[in-house]
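Dear colleague,

I am passing on the structure below, and would be grateful if you could read the notes that follow beside it.

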Amino acid sequence: MKIDLYQLMDEINTTITNRYWEGFKPVAFAIYNEEKVFLFNHPNYMSKFPTFVVLSWDDRFVGDTLILFEDYPTAIVNFDIISDFAELFSLLIHELFHGYQHLQGEKRFPDEILGITYPLTRENIELRNRERISLYRAVLSNQAEEIIQFFSIREKRKELIGEYFHYETLVETIEGPAWYVEWKAYCDKSRQSDSDHLQKYGKMLIDQTESCLNIRRGCYSSGMFICLLLDKLSPGWYKSYFQSNLSLYEFFSRMIQLENNHYIKVEISKETDEMIEFVNDQREQEFGQFIHKPGYHLLIEGSMKVNAFDPMNIVLSGKKVLHRNFIKLIINNEEYLFQYPVITYFNHNWRNIHQLQIILNQEPISMKDCLLIDGVGKIKGEYTKNKDGYFLRVKD
C-alpha cells in the first residue's frame, strides 16, 4: 500500500482530538516495515524534524502496540500487512489511545497469567456465549430485556469463575475503549456504512468458536460493545471514565443501576461441549504441528526468564506454552528477541522457564562457547549436535 505520510500526519493530528473521545490527543506514533521506521510527533526529534523522521528498523519495533521509545509513549503499527488507509488509520488510533491511557495514568491492567491459565469450564463457556449474544442484541435493539439478560448472565459468571471474571473485565477496561475509538475511526475513513462496520465488529463478538479459542481477544469486542451500550444509555459517559477506579463493566453497572434478581438456569448445550473439545484439540494440534515443522531444531536448557511476550498469541497446555508470535527472554543476564514461534517449558511459574524449543530456518553457527542464531544473536553455553538437532546448555 502506498502511503502519503504528510496526509497521515495531518489526519492524525487534526481529526482525533474530541472527535472520537473528548480530550483524546495523540502521543508519538510510528509506522514501520522490516527496513524503515517513519516516526511522528516524538519530542526528541521535533526540533530537528517538525514533520517526521526516518529511522532504520530495530527490534524495539515489533507488533502493533504501544512502546516507550526513548522514554516517551509511542504507538507503532507494521504497515507491510495492511491493505488500505482506513485500516492503517484506525489501527493507529487504537494504539494512540493506549498512549492516551498511559498519559491519564491508567492502572487497571489485567494479570496476564490468568489469561494463560483461563479454565474452559462447561458452565462458564455456555454462559459466556449466551452473554455475548445478549450484549450484541442489546446494542442493536436497545431493548431493556436484552440489557437485563446480559447483566444477569454476567453476574452469574462472576459467581462461577471469580478472579478469571475479573481478568476478563480488566482486559475489556483497557482494550474495549481502544476498539471503540478504532471502530469510530474506521467508520470515519471507510466508504462503508456505520451499520456495515457494526456488523463486522459484531461478528467478532458473537463468533463463539473464535471467542473461545482466543479468550483475551474476545474481551476486546465485548468491551467495545459495552462502550456502545453506554453511548445509548448514558451519553457522555466517557467524560468521567478515567476519574473512576472501576473496571469498564463495574462502571457500566453503576451507570445503569440494575439489581441482580434474575434467575439464570445453566443448561449445557451439545454445541458448548463440542466447542470445548474442539478448542482443546486445536491447542494440542498446534503443539504437534510446531514439533513436526521442518528446519533446524534447537533445545536450550537452563535458567531463563520471560521478559516480554504477545498475550494475544500464546497457548498453554500443561507445563508448556506456545508463543506463536514473539518472545523476549533474559538468558545469561542478556535480553534476546525471538521473532518466530517457540515453546517454553516451566515447573511452577510460566515466566521462569527451564527449556526453550525452537525450529530455525537457518542452521545455527557454532562458535567458541556459544551458538550464533540467525535473527537472535550469540547465546553463550555448552552445546552439542546430534541427528535430532542442537542442544545448548546455558548457565543457571
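How many disulfides does a search of the whole structure find? With a disulfide taken as a pair of cysteine sulfur atoms within 2.5 Å, the search finds zero. C219, accordingly, is in no disulfide, and the nearest cysteine sulfur, that of C212, lies 12 Å away. C219 counts as buried (under 20% relative accessible area, 1.4 Å probe, protein chains only), because its relative accessibility is 0%.

Please bear in mind that this is a predicted model, in which local features need pLDDT of at least 70 and side-chain atom pairs count only at pLDDT 80 or more, while totals for chains, interfaces and linings use all residues. Residues are numbered from 1 along each chain as its sequence is written, and side-chain values use heavy atoms, with hydrogens and water left out.

C219 also takes part in two helix contacts, where contact means heavy atoms within 4.5 Å, and helices are DSSP runs of H or I with at least four residues, numbered from the N terminus. Helix 6 (residues 163–189) and helix 9 (residues 215–233) have axes, which are lines fitted to C-alpha atoms over the stretch in contact, that come within 6 Å and cross at roughly 65°. The two helices are therefore roughly perpendicular, a term that covers 65 to 115 degrees. Among the residues that meet are Y167, W179 and W183 in helix 6 and C219, Y220 and M224 in helix 9.

The axes of helix 4 (residues 122–141) and helix 9 come within 9 Å and cross at roughly 35°. This contact includes R128, L135 and Y136 of helix 4, and C219, F225 and L229 of helix 9.

Best regards

Methods: Axes are lines fitted to C-alpha atoms, for helices over the stretch in contact, and angles run from 0 to 180 degrees between N-to-C directions. Angles under 35 degrees count as roughly parallel, over 145 as roughly antiparallel, 65 to 115 as roughly perpendicular and the rest as oblique. Buried means under 20% relative accessible area, exposed over 50%, partly exposed in between (1.4 Å probe, protein chains only).
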